[in-house]
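Q: Could you walk me through this one? I'd like to go through the overall layout and then the details.

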Amino acid sequence: MKLNPQQAPLYGDSVITVQLTEEDKVEDDVVFYLVFTGSTVQHCTSTRKINPGSLETISPGHDCCETVKVALCASREGHPVLVVAEESFQFVQDEAYDAAQFLATCAGNQQALNFTRFLDRSRPPAADVDFLDEKVALAFRHLKLPTEWNVLGADQSLTENIPRETLMHFAVRLGLLRLTWFLLQQPGGRGALSIHNNEGATPVSLALERGYQKLHQLLTEEGAREPDSWSTLSHTVHSGDYSVKHHRGLDVYLLTAEAKEGTAASWERDIQHLQMHMQSHQHQ
């Protein structure tokens with residue numbers, strides 16, 4: 001098999017195409033799974049067939065930057081699971097992840113937040129903003145934020161009357177709809193809406209001033225729904241000893257569990273768990 005691409009960002013949710021070689025191709029009733037075995041975490045993903053020689057799946061979110069082993073497993077009713085091919089795959093920290101980490105770290109840091117304002121002067125094209133918004137929001141969701149993390153920073157003694165720049169100002173100024181939604185759900189997110197910066201602007205007034213109608217509705221309408229995005233196509237259908245996610249866009253399922261010994265038995269067990277949850281979810 002050949003994986004394209006051969007790497008994915010830590011936060012996952014990117015499309016992976018699997019090109020099958022002649023040796024990999026088997027009977028039509030065979031279902032393929034990919035098993036990613038890392039140092040501490042193992043993922044199992046279902047696939048969907050594009051054509052007789054190609055499969056498609058979604059990259060899982062991983063816990064660290066490393067090269068993992070990927071096994072292409074063939075499952076057929078009444079037969080044991082077979083590993084038909086193996087390949088290496090790399091999880092990397094990309095620019096969107098770096099940006100999310102930087103923003104999460106500088107919540108409440110006025111010097112850093114003022115520094116981000118230079119981005120506003122370049123005004124990237126709408127397509128670039130949309131791409132940036134999607135990726136940074138995905139990366140932010142994947143970060144393990146401390147329980148005490150707050151959109152307004154660590155200094156809880158500051159009141160709403162003190163003018164200052166916030167992460168919400170940053171997200172609104174660039175028109176980052178999905179990142180704004182994410183921040184709204186975090187501690188301090190709603191409180192940030194009424195805070196003025198040194199120019200007297202709140203995130204709400206910034207959205208209005210710049211003509212960001214959808215963003216303004218998101219900030220002001222009660223019960224505003226989450227913006228459509230790649231991330232909204234994925235949701236967890238089970239969690240416990242392991243988690244199972246369903247990506248509705250490609251109708252692909254992903255199981256993540258603590259890594260076990262890289263044996264056929266552990267692959268088979270993970271695939272059986274995944275199949276069980278797929279059948280249960282599809283039945284519902």
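**Domains, sheets and a helix pair**

Q: What domains does the assignment give for the chain?
A: The domain assignment gives domain 1, made of 2-93 + 234-283, and domain 2, which covers 95-229. Please keep in mind that this is a predicted model.

Q: How far apart are the C-alpha centres of the two domains?
A: The C-alpha centres of domain 1 and domain 2 lie 34 Å apart.

Q: And how many residues are in contact between domain 1 and domain 2?
A: On the domain 1 side there are six residues in contact, and they meet nine residues of domain 2. The area buried between domain 1 and domain 2 is about 730 Å², and carbon and sulfur atoms give 61% of that area.

Q: Which residues of domain 1 lose the most area to domain 2?
A: Those are Y11, D13 and Q93, which together account for 76% of what the domain 1 side buries.

Q: Where does D13 lie?
A: D13 lies in the loop between β2 and β3, and its phi is near 60°, a positive value in a residue other than glycine.

Q: OK, on to the sheets. What is the strand order in the sheet of eight strands?
A: The eight strands form an open sheet in the order β2-β9-β8-β4-β5-β12-β11-β10, with mixed pairing. Its edge strands are β2 (7-9) and β10 (234-238), each of which pairs on one side only. Neighbouring strands of this sheet are turned by 30° against each other on average, direction ignored.

Q: In what sense do β2 and β9 pair, parallel or antiparallel?
A: β2 and strand β9, residues 82-92, pair in the parallel sense over three bridges. As for individual residues, A8 has F91 of β9 as its bridge partner.

Q: And at the other edge, how many bridges join β10 to β11?
A: Four bridges join β10 to strand β11 (residues 242-247), and these two strands run antiparallel. H235 has H246 in β11 as its bridge partner, and β10 and β11 form a hairpin with three residues between them.

Q: What about the sheet of four strands, which order does that one have?
A: Four strands form an open sheet in the order β1-β3-β7-β6, where the pairing is antiparallel. The edge strands here are β1 (2-4) and β6 (48-51), and each of them pairs on one side only. The twist in this sheet averages 30° from one strand to the next.

Q: How many bridges are there between β3 and β7?
A: Strand β3 (residues 15-19) and strand β7 (residues 54-58) pair over five bridges in the antiparallel sense, and within that pairing I16 stands opposite T57 of β7.

Q: And β6 with β7, how many residues sit between them in the hairpin?
A: There are two residues between β6 and β7 in that hairpin. The two strands pair in the antiparallel sense over three bridges, and R48 has E56 in β7 as its bridge partner.

Q: Where is the cis peptide bond that involves P5?
A: A cis peptide bond joins N4 and P5, with omega about -5°, and P5 itself is found in the loop between β1 and β2.

Q: Switching to helices, at what angle do α6 and α8 cross?
A: The axes of helix α6 (residues 177-184) and helix α8 (residues 213-220) cross at roughly 10° and come within 10 Å. α6 and α8 are therefore roughly parallel to each other, given that angles under 35 degrees count as roughly parallel.

Q: Which residues make the contact between α6 and α8?
A: From α6 the contact is made by L177, T180, W181 and L184, and from α8 by K214, L215, L218 and L219.

Q: And how do the residues of that contact divide into nonpolar, polar and charged?
A: For the contact of α6 with α8, the residues divide into six nonpolar, one polar and one charged.

Notes:
Residues numbered from 1 in each chain as written. Predicted model: local features only at pLDDT ≥ 70, side-chain atom pairs only at ≥ 80, totals over all residues. Heavy atoms only, no water. Pairing = 2+ DSSP bridges. Axes fitted to C-alpha atoms, helices over the stretch in contact; angles between N-to-C directions. Parallel < 35°, antiparallel > 145°, perpendicular 65-115°, else oblique. Contact = heavy atoms within 4.5 Å. Nonpolar A, V, L, I, M, F, W, Y, C, P; charged D, E, K, R; others polar. Domains from an automatic or database assignment. Buried area = accessible area lost by both parts, 1.4 Å probe.
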